[in-house]
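Could you walk me through the aromatic side of this one, along with the overall build? A short report will do.

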Amino acid sequence: MNDFYLSKGTIPRECKQAEDLRSSLREYARKRLLHVSDICLEHPSDNFRREFGLLHLRYANMVFVVTEAVQDVDYLIRSVITWIQHDFDNAMTGAQKEAAGLCGAELTKIVALHN
């Protein structure tokens, strides 16, 4: 993630209106990550979209695991953001770089909303 993705990423309204970080993250995974994944996976012949969609599905699953945890959601989602940053730094394809950049930036913005 970098400033380009932080300026490019947007957060769904439902995330901004959520009462706490856990609810905001659930809305983000549902409204953004799964939606993008579904749309991208409708195009199996487009390798970029397929990979981009699969990465969004992976990140959605990670976020759902965090939201179901009994532990400190803030700490866990910051760990996920660190892993996504690692994906961004080590991306080998454009889809990996774009997915990690956008998702990491949007998650960072959601965490900032609830601090």
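Here is a quick look at the fold and then at its ring pairs.

This is a predicted model, so to speak of local features pLDDT has to be at least 70, side-chain atom pairs count only at pLDDT 80 or more, and totals for chains, interfaces and linings use all residues. Residues are numbered from 1 along each chain as its sequence is written, and side-chain values use heavy atoms, with hydrogens and water left out.

**Overall build**

The protein has six helices and zero strands, where helices (H or I, at least four residues) and strands (E, at least two) are DSSP runs numbered from the N terminus. Along the sequence that reads α-α-α-α-α-α. The radius of gyration is 13 Å, close to the 13 Å from the globule rule for 115 residues, so the protein is as compact as a globular protein of that length. That radius is taken over C-alpha atoms, and the rule is 2.2 Å times the number of residues to the power 0.38. The C-alpha trace spans about 40 × 25 × 25 Å along its principal axes.

Of the 115 residues, 43% are buried; buried means under 20% relative accessible area, exposed over 50%, and partly exposed in between (1.4 Å probe, protein chains only). Take the contacts (heavy atoms within 4.5 Å) between residues at least 6 apart in sequence: 72% of them join residues at least 24 apart.

**The rings**

A pair of aromatic rings is described by the distance of the centres and the angle of the planes. Rings of Phe, Tyr and Trp (its six-membered ring) pair if their centres lie within 6.5 Å; planes under 30 degrees apart are stacked, over 60 edge-to-face, and the rest tilted. The count comes to three aromatic pairs, including these two:

| Pair | Centre to centre | Angle of planes | Type |
|---|---|---|---|
| Phe4 and Tyr5 | 5.0 Å | 85 degrees | edge-to-face |
| Tyr5 and Phe88 | 5.5 Å | 80 degrees | edge-to-face |

The Tyr5 and Phe88 pair links distant parts of the chain, with Tyr5 in helix α1 (residues 3-8) and Phe88 in helix α5 (residues 73-89), 83 residues apart. Ring pairs tie Phe4, Tyr5 and Phe88 into a cluster.

Which of these rings are buried? Tyr5 and Phe88 both are, with Tyr5 at 6% relative accessibility, while Phe4 is partly exposed at 47%.

Phe88 has a charge to deal with too: the charged end of Lys97 sits over its ring, 4.2 Å from the centre. For that label, NZ of Lys or CZ of Arg must be within 6 Å of the ring centre and within 35 degrees of the ring normal.
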